[in-house]
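Work through the exercises below with the structure open beside you. Try each task before you read its solution.

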Amino acid sequence: MMMGLLAFESNQGLWNGGYYSQLFGIGGVMITVAILMLSTSYFGGIGAPFAPYFWPYLGQVPKKRERKRPVRVYMDGCFDLMHYGHANALRQAKLLGDQLVVGVVSDEEIVANKGPPVLSMEERLTLVSGLKWVDEVIPNAPYEITEEFMNTLFNKYSIDYIIHGDDPCLLPDGTDAYALAKKVGRYKQIKRTEGVSSTDIVGRILLTFKQKDSDTDVNAAVDEKAGAKSNGEVKSQLSHFLPTSRRIMQFSNGQAPSPGARVVYIDGAFDLFHAGHVEILRSARQLGDFLLVGIHDDQSIRDRRGYRPIMHLHERTLSVLACRYVDEVIIGAPWEVSKDMITTFNISLVVHGTVAEGNSAGEIDPYAVPKSMGIFQTITSPKSITSVSVGTRIVDNHEAYKKRNLKKKASEDRYYTQKKFVSGD
């Protein structure tokens, strides 16, 4: 009998196809009862020596492991004129769960609640899908979290929590768009990113193109109009973003290329980060193991375009770092790709797209060195969109966007007036 008990060691376990199943296989219900009686000393001296051998094998009973379901969080938005504030919001949302599902509001809903969108649904989907923190995207999401859509999120998409920033999101009738989610206790809040908004960027674009047409630089206009009535208007359209090293670290992958990795380098302004940028970075990344992106400084761009970029260097850096296809960036990259730079970063291939902005006529070829080394490649730009073409859309519909901005600016002013410190970001 004792040998039979020791044979348990060769079985998978008492309950899992082992001795227990064999007992019942011979109709041994009574035998099982007898064993239990033996182990509890019902038969006097027999039970005492038996128990030390029996009880250790109860530890072989496998516990049913419950696979922990990942926490899925949902955040929606228009994501029009995608900027680093959007990216930071989604980064924070991802920290509140394991999987981030993002709803992109439909064109019709944006028109009804805000005004005409600048970017198409396809372009906005490309931008959101290109973010490193996004796991899934729901196109044509409603602006308001209705009971029907909330149930769809909970049942179809297995959403645990609905996320939004600490700034209010109000419907045209003044009610909270997330009231239902808050009511059922499935709402979580994140901190709004300071210093940028789509409303702010539209204002910058309108002002920049106005100064561009009059051959006047925006920053020069501020100096020339110091004390003038329009000075406040011009200054209000400049960036209020305060760059910190911590924010860059939050966006960065923080990883160097592995030994022997094929490092691909691509550079540019990446102003008003758009769908064309996402697609060219995707194409570049597919050519190697590690994508290094050079971002030109504001002055270099002004020297070649004749006006400063809409977004300044640190803002453009965050937008590029947020892209899932980017591994590392050079902040303020040199205009010309030198031999020393290629050696320093162990660059295997330098690429450039077929769609570019700025006037390079008559200047030295910035890619002369990689071309002479046989490591330069021109890749076809998947999209023809540029930052200028995006800006032109706004300028061509100036009155509509001006009206939209006035409406949004009023709500943003209320937010900043009532603003309180919110911990964590």
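The protein chain exposes about 21800 Å². Carbon and sulfur atoms supply 54% of that area. The model is predicted.

**Exercise 1. Overview**

Task: Describe the make-up of the protein chain, its buried share and the reach of its contacts.

Solution:
- Start with secondary structure. The chain has 20 helices and 10 strands.
- Turn to burial. Of the 425 residues, 46% are buried.
- Now take contacts between residues at least 6 apart in sequence. Among these, 77% join residues at least 24 apart.

**Exercise 2. The five-stranded sheet**

Task: Give the strand order of the open sheet, then find its edges and the helices that pack on it.

Solution:
- Trace the strands. The order is β3-β2-β1-β4-β5, and the pairing is parallel.
- Find the edges. β3 and β5 (187-190) each have a single partner strand, so one side of each has no neighbour in the sheet.
- Add the twist. It averages 30 degrees from one strand to the next.
- Inspect one pair. Strand β4 (residues 161-165) runs parallel to β5, and four bridges join them. H164 stands opposite Q189 in β5.
- Place the helices. α8 (residues 147-155) touches β1, β3 and β4, and makes about 120 degrees with the direction of β4. α5 (residues 84-95) lies across β1 (72-77), β2, β4 and β5, at about 140 degrees to β2.

**Exercise 3. Helix α7**

Task: List the buried residues of α7 and name elements that cover them.

Solution:
- Go along the helix, residues 121-129. M121, E123, R124, T126, L127 and V128 are buried.
- Look for the cover. It includes the strands β2 (99-105) and β3 (136-141). Helices α6 (107-113), α14 (275-285) and α19 (387-396) are also among the covering elements.

**Exercise 4. R316 and P382**

Task: Is R316 buried or exposed? Classify P382 as well, and give the surroundings of both residues.

Solution:
- Locate R316. It sits in helix α16 (residues 313-321).
- Apply the cut-off. Buried means under 20% relative accessible area. R316 has 1% relative accessibility, so it counts as buried.
- Check its side chain. R316 makes a polar contact with the side chain of D298 at 2.6 Å.
- Look beyond four places in sequence. The contacts of R316 include F270, D271, H296 and M311.
- Locate P382. It lies in the loop between β10 (376-379) and α19.
- Classify P382. Its relative accessibility is 43%, so it counts as partly exposed.
- Find its partners. Beyond four places in sequence, P382 contacts E279, I280 and S283. The C-alpha atoms of P382 and I280 are separated by 6.4 Å, though the residues are 102 apart along the chain.

How values were computed: Residues are numbered from 1 along each chain as its sequence is written. This is a predicted model: local features need pLDDT of at least 70, side-chain atom pairs count only at pLDDT 80 or more; totals for chains, interfaces and linings use all residues. Side-chain values use heavy atoms; hydrogens and water are left out. Helices (H or I, at least four residues) and strands (E, at least two) are DSSP runs, numbered from the N terminus. Buried means under 20% relative accessible area, exposed over 50%, partly exposed in between (1.4 Å probe, protein chains only). A polar contact is a pair of N or O atoms within 3.5 Å; within protein, one must be able to donate a hydrogen and the other to accept it, and residues adjacent in sequence count only if both atoms are side-chain atoms. Contact means heavy atoms within 4.5 Å. Accessible areas come from the Shrake-Rupley method with a 1.4 Å probe; for residues, only the protein chains shown count as cover. Two strands pair if DSSP finds at least two bridges between them. Axes are lines fitted to C-alpha atoms, for helices over the stretch in contact, and angles run from 0 to 180 degrees between N-to-C directions.
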